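Open the model in a viewer and follow the selections below in order. Each stop says what to select and what is there.

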Amino acid sequence: MFAGVEQHLACIDDNWSYHTDNNFARKFLQINPPDKLPQQPAFSQLCGDCIDTSSRDFHRNVTPSQLRKTADSCDLCGMLWKCLGLEKSNPNDQEVIELFRDGSMLMRLGNRHPVLRIYMDPGFKAAPADIQVGFPMLPKAGNLTHFKLLREWLRVCDKDHRCYPRSDSPLPTRVLDVGDHENPDSLRLYCTTKDERGRYIALSHCWGQLKEDEKFCTYRRNIAALCKRIDLDKLPKTFQDAVTVTRGLGIQYLWIDSLCIIQKDVDDWKIESKKMETVFGSAYCTIAASSAKASTEGFLSPRSPVQCVKVPYNSDTSLYICESIDNFHRDVEEGELSKRGWVLQERALSRRTIHFTKEQTYWVCSEGVHCESLIKMQNRTARLLGDAQFPEFVSNKGNRARIVLFRSIFETYSKLVLTNLTDRPVAISGLESRCASAFETEGCYGIFQHYLHRSILWQRSGDKMERINPPPDPPGWKVPSWSWMAYEGGISYMEIPFEAVEWSNAVKWFPGTPSDGIPSKLELQAPVREFLHCTIEPQNQAAKCAIFAEGDKRGWLKFDVEDMTDIQRLKCIVVGRQCEKYKWRGQGQRADEQAHYVLVVMQRRQGRHRAYERVGVGSIQRRHISFQGGELQARIV
């Protein structure tokens with residue numbers, strides 16, 4: 001995610017760092033000792049090369065063939081053999097694997113994520129600063145120790161960070177009342193009153209491919225009954241677990257989309273779907289079922305078994321060397337939930353999030369990623385999305401940073417999955433609104449007015465895109481053809497150097513007349529030009545089409561849905577041009593060879609009026625664009 005951001009912002013990268021967090025760990029474990037440690041009658045059997053693994057200077061070069069020979073006689077070599085994924089390697093493989101210690105982690109040179117983790121016995125008070133005190137084996141998901149840790153994360157964040165405001169937030173239109181100390185078993189849908197305030201948990205989850213009888217939703221026909229009582233046992237397992245966690249955190253209210261928005265009710269959907277920025281941005285905390293593929297799976301499931309060996313440290317205590325389970329990128333960023341379109345904005349808008357995965361639980365706030373294993377992870381990109389004031393961190397860095405950010409967000413979002421394709425503009429609208437406010441501009445359908453030219457110079461990133469049929473309601477709600485939200489499929493943006501372009505002042509954005517807050521007649525106005533003395537030649541299915549003249553390549557076009565070769569049917573809009581500051585003349589080019597960045601359009605009839613629709617994008621030399629005649633103020637819809 002956000003693969004291109006770090007190229008332009010030194011503050012963002014894809015590298016993870018791991019840090020001991022023993023101040024937090026000692027205080028927590030002193031009050032809440034773990035349920036159990038690995039039960040081993042004696043220290044593990046180690047070979048000579050593994051005895052010094054706990055040394056700060058540990059460094060070992062080993063080959064798969066060497067590990068294979070010692071895997072049966074040395075417990076640690078056996079664990080390395082498994083964790084390095086060498087079971088299917090060539091028995092005679094002599095590739096050198098370089099292992100070294102980095103704080104509390106055992107790393108492999110060239111890998112970003114640890115191979116093993118080193119933990120100090122939680123009962124030892126004089127642990128060195130570079131070895132984590134913590135859980136060699138995690139507590140059972142959903143047990144008392146687990147909930148104590150979640151509550152402590154919240155308490156510390158409330159006390160020491162600025163992630164959540166001191167005063168309670170307005171409650172959403174509807175929430176689940178999961179009970180309080182007077183009615184601990186109460187569970188019902190609660191319709192809040194205007195300006196009612198309080199704390200609530202928001203659930204981020206995958207609905208999954210469910211049959212109708214597997215769904216548990218609020219409808220007009222059952223809302224009155226749900227407001228009286230909900231039977232916990234009839235809820236899908238993910239919802240049951242969410243109720244359990246909310247109660248375990250001591251919070252009375254829980255927001256779940258399918259229960260707090262009336263389903264199959266267009267009017268309620270139109271109102272509530274616009275409130276996602278507020279719902280997730282005002283939640284006391286978001287809980288994310290990051291590994292569950294459907295609401296029937298739940299997320300408080302038994303953990304995957306973890307292999308662990310016990311080694312002596314000194315006469316008073318021992319160390320535990322365990323499989324590394326601290327991989328936020330694998331468990332969350334590449335998890336099932338993160339493939340869902342709605343989740344990108346839920347993650348970015350939430351002030352704090354607890355991610356429940358198959359391996360462990362992760363806490364995310366503005367101060368970084370905290371693991372249930374008690375180690376702390378940091379990554380600048382993850383911290384950006386975890387920032388409670390997103391996107392304040394980037395918006396203060398100027399236009400270039402803002403452009404790189406919104407392009408990265410939209411490129412990522414365009415490749416995510418939506419059950420209803422017509423949700424494409426809605427499922428990111430809260431995040432888009434937050435960015436527009438921070439950028440001090442208007443934004444809609446993936447376009448920011450202040451950055452109009454770069455916003456519309458997108459192109460398909462896959463083999464093809466398909467136009468999405470607009471929903472029947474509200475009437476006239478049609479995403480304009482020059483927005484990528486009108487199509488199904490991934491996108492990327494044209495790579496145009498920031499200092500090397502002059503934008504056309506003739507390209508203008510007209511929001512039209514809003515209908516229920518939606519600019520239903522959003523359109524561009526710009527001069528439309530003809531192509532001159534050139535032909536289009538397709539290259540291959542996924543590539544750009546080349547523009548040729550007199551046997552030489554003079555530019556390229558990339559069509560949104562299907563390639564076209566009849567250039568007589570096509571026209572273009574000049575969005576920008578390569579500027580002299582880029583020294584195009586110094587590269588041996590004539591003035592008429594200057595690159596122009598264009599939208600490719602075709603004429604369409606719209607009732608009695610003539611308009612154009614976008615069909616592609618490209619770059620072409622000036623001499624192959626007619627600047628004489630044409631329509632000086634055409635509508636592109």
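**Whole chain**

For 637 residues, the rule for a compact globule gives a radius of gyration near 26 Å, and the protein chain has 29 Å, which agrees. This is a predicted model. Show the C-alpha trace of the protein chain: along its principal axes it spans about 90 × 70 × 40 Å. Colour by secondary structure, and the protein chain comes to 17 helices and 37 strands.

Two further totals describe the packing. Of the 637 residues in the protein chain, 57% are buried. Among contacts in the protein chain with a separation of 6 or more, 71% are between residues 24 or more positions apart. Switch to a surface: the protein chain exposes about 28,800 Å², and carbon and sulfur atoms supply 46% of that area.

**Helix 4**

Select residues 75-83, which form helix 4. Its buried residues are Leu76, Cys77, Gly78, Met79, Leu80 and Trp81. Extend the selection to Gly85, just after helix 4, where phi is positive at about 65°.

**Helix 5**

Next select residues 144-160, helix 5. How far apart are the end C-alpha atoms of helix 5? They are 24 Å apart, which agrees with the 24 Å that 17 residues should span at 1.5 Å a residue.

At the start of helix 5, add Asn143 as sticks: one of its side-chain oxygens comes to within 3.3 Å of the backbone nitrogen of Thr145. Then pick Leu144, which is in helix 5. Is Leu144 buried or exposed? Its relative accessibility is 55%, so Leu144 counts as exposed, the cut-off being over 50%. For a distance check, pick Gln345 as well: Leu144 and Gln345 are 201 residues apart in sequence, and their C-alpha atoms are 31 Å apart in space.

Now show the buried residues of helix 5: Thr145, His146, Phe147, Leu149, Leu150, Glu152, Trp153, Leu154, Val156, Cys157 and Asp158. What do the buried residues of helix 5 pack against? Two of the partners are helices, helix 2 (22-31) and helix 7 (237-248). The others are strand 13 (285-289), strand 16 (353-356), strand 17 (361-365) and strand 18 (368-371).

**Strand 8 and its partners**

Select residues 174-177, strand 8. In a regular strand the side chains alternate between the two faces of the sheet. Here both faces are covered: Arg174 and Leu176 are buried on one side, Val175 and Asp177 on the other.

Add residues 188-191, strand 9, which pairs with strand 8 in the antiparallel sense over four bridges. Within this pairing, look at Asp177, which stands opposite Arg188. Then add residues 253-255, strand 12; this strand also runs antiparallel to strand 8, and two bridges join them. The bridge partner of Leu176 in strand 12 is Leu254.

**Ser483**

For the last stop, select Ser483 in the loop between strand 23 (466-467) and strand 24 (487-488). Its relative accessibility is 0%, so Ser483 counts as buried. The side chain of Ser483 reaches the backbone nitrogen of Met485 at 3.1 Å. Which residues does Ser483 touch, not counting those up to four places away in sequence? Show Tyr445 and Trp458 to see these contacts.

Definitions and conventions
Residues are numbered from 1 along each chain as its sequence is written. This is a predicted model: local features need pLDDT of at least 70, side-chain atom pairs count only at pLDDT 80 or more; totals for chains, interfaces and linings use all residues. Side-chain values use heavy atoms; hydrogens and water are left out. The expected span of a helix is 1.5 Å times one less than its number of residues. Buried means under 20% relative accessible area, exposed over 50%, partly exposed in between (1.4 Å probe, protein chains only). Contact means heavy atoms within 4.5 Å. A polar contact is a pair of N or O atoms within 3.5 Å; within protein, one must be able to donate a hydrogen and the other to accept it, and residues adjacent in sequence count only if both atoms are side-chain atoms. Two strands pair if DSSP finds at least two bridges between them. The radius of gyration is taken over C-alpha atoms; the globule rule is 2.2 Å times the number of residues to the power 0.38. Accessible areas come from the Shrake-Rupley method with a 1.4 Å probe; for residues, only the protein chains shown count as cover.
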